[in-house]
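User: Can you walk me through the inside of this protein? I'd like to start with the core and then get to the empty spaces.
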Amino acid sequence: MKFQRNISNIGLFASAIGGIIGSGWLLGPLYTAQFAGPAAVLSWIIGGLLMMIIALTFAELATMFPVAGSMVRFTHFSHGPFVSFIMAWVSWLAAVIVAPVETMALLQYASNYIPNLFDKEYSNAVLTITGMLIAACIMFSMCLLNMFGIKWVSKTNIGIVIWKLSIPIVTIAILLSMQFNALNFIHFNGFMPLGMHGVLAALPAAGVIFSFIGYSPSIQLAGEAKNPQRAVPVAILGSLSFCIIIYVLLQIAFTGAIVPSSLMNGWSQLHFKGIAGPFAGIMTTIGIVWFVKVLYIDAMISPFGTAFVYTSATARMNYAASQNEYAPKIFLDLNKKGVPVKAIFINFFIGLIFILPFPSWQRMVSFIVSIFVFAYAIGPIALLSLRYQQPDLERPFKVPCANLICLLAFYICNLILFWTGWNTILRMIIIIIIGLIYFGYYAIRNQKIASLRNGIWLFPYVIGLGFISYLGSYGGGLNVIPFGWDFLIIAIFSGICFKFAVNCRIIS
């Protein structure tokens, strides 16, 4: 049985919106403000625009190869089994972690009225046994709902997205009209109290990039879209454009609504009653109690909706990996409704693991951003490689100035990775090493050793990225490379690696 093309243009667009508007809007404005102060609004603008440039490459690739789990497939065509395997490994793992991340966000808000979910203050929140059991039940319910088939999932997600959009829009309107203090943007050490370093550090660590990478389901579900050549670019670029506006307005409204007494110790120590649910806490503090219950309801629906659509999309990555012969053939099994049931439930059990070592939303976000963006870095490389490799292949959507855009997108990916910090990059490298070990077993068993020559660029790329991060000024780095010079160093490094990677493509 094969996947059926049952997702409408609106359904695919909703899958991208549903992936972007999740826990990010509920928690991101608080953490971004703690990193960057009032300049947090710049973090959302910069983050959105950077992701838009990266997304351009995937808009072309996904319309060229509109198949299930296409993010796994096009790398196979451009650089062969080795590169494709590593990228499939990290992108699948990143997608698997989304459901635990969104469930953590849901439980964080729920902890305001179910106090025994966490055993510490949220800044160091750790789930209790009860919290872990509830998290497992929530994630399991997402799997069960996916059994009804992608057509039902798509239609259900459209309804969820309508709700998910209406609540932040109403929140913006309430805060801007009833509680907006413009002086918050200039008092307490000015507009940028923590400097540009804080603005950029917020991108991976405060949930900005995590929010914007949510367009990924529209890529993975392209194989089930009725008109992918038209729907995919609109879903990717349209959703990002719309959500940039939403997140910027949310950050402005949140910053203006903060009671000045909450800022007496500075933006990095921003604290107020009910901070575990930032917008609900703000509404309670300023006396708009009637809307708090609505926010608590949305705090269940928004993260759940994002995890719900990712549960569908991630299983398609298992399917694609199995088509490439990297994963067991059981992932190709579909039920009568075209659902990869075994893949969904295996992903569920693996997702449970990530509730344990990464017990809070913020801790998990930086890690997931690092491995997602690492997987996204192959997009511009694959696009340009395929331009050289298959110039006559039909491209329903074609990126203008491809050489420049691809190089810029790759550079942006490396900057974002650098901003996650050494501590996060180290964990990412460990994950990649695990993938290399498994590939060694796979390559020997399936006689794929020859494909290593098309991926030899990965070794200096990963080692160099780790070395620069270790010497950098983010997340545990030695601060040997001062802020400012890192942009130049990463630009030179990106240019060399990009040229090397494209030259390592499969020559037709």
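Analyst: What follows covers the nonpolar core and then the cavities of this predicted model.

User: OK, how many residues are in the largest nonpolar core?
Analyst: That core has 190 residues. Those with the most contacts inside it include Met51, Phe212 and Tyr461.

User: Which helix gives the largest share of it?
Analyst: Helix α4, residues 70–110, with 24 residues.

User: Back to tyrosine 461. What is it in contact with, leaving aside neighbours within four places in sequence?
Analyst: Tyr461 is in contact with Phe374, Ala377, Phe410, Asn414, Leu417, Phe493 and Cys497. Of these, Phe374 is also listed among the core residues with the most contacts.

User: New topic. How many cavities of 30 Å³ or more are there?
Analyst: The search of the whole structure finds four. The largest holds about 120 Å³ of space.

User: Which residues are closest to the centre of that one?
Analyst: Val96, Ala99, Thr311, Asn347 and Phe348, out of 13 that line it. Two or more lining residues come from each of α4, α5, α12 and α13, and α13 gives the most, with four.

User: What classes of residue are in that lining?
Analyst: Nine are nonpolar, four are polar and none is charged.

User: And the second largest cavity, what is its volume?
Analyst: About 60 Å³. It is lined by 13 residues, and Gly19, Glu102, Phe210, Gly214 and Thr306 are the closest to its centre. Helices α4 and α12 are among the elements that give two or more residues to this lining.

User: How does that lining divide by class?
Analyst: Into five nonpolar, seven polar and one charged.

Methods. Residues are numbered from 1 along each chain as its sequence is written. This is a predicted model: local features need pLDDT of at least 70, side-chain atom pairs count only at pLDDT 80 or more; totals for chains, interfaces and linings use all residues. Side-chain values use heavy atoms; hydrogens and water are left out. A nonpolar core is a set of buried Ala, Val, Leu, Ile, Met, Phe, Trp, Tyr and Cys residues joined through side-chain atoms within 4.5 Å. Buried means under 20% relative accessible area, exposed over 50%, partly exposed in between (1.4 Å probe, protein chains only). Contact means heavy atoms within 4.5 Å. On a 1 Å grid over the protein atoms alone, a cavity is a set of points where a 1.4 Å probe fits but cannot get out, and a pocket is an open set with protein on both sides within 12 Å along at least five of seven lines; lining residues have an atom within 4 Å of a point. Grid points are joined across faces, edges and corners, and a volume is the space filled by probe spheres set on the points. Ala, Val, Leu, Ile, Met, Phe, Trp, Tyr, Cys and Pro count as nonpolar, Asp, Glu, Lys and Arg as charged, and the others, Gly among them, as polar.
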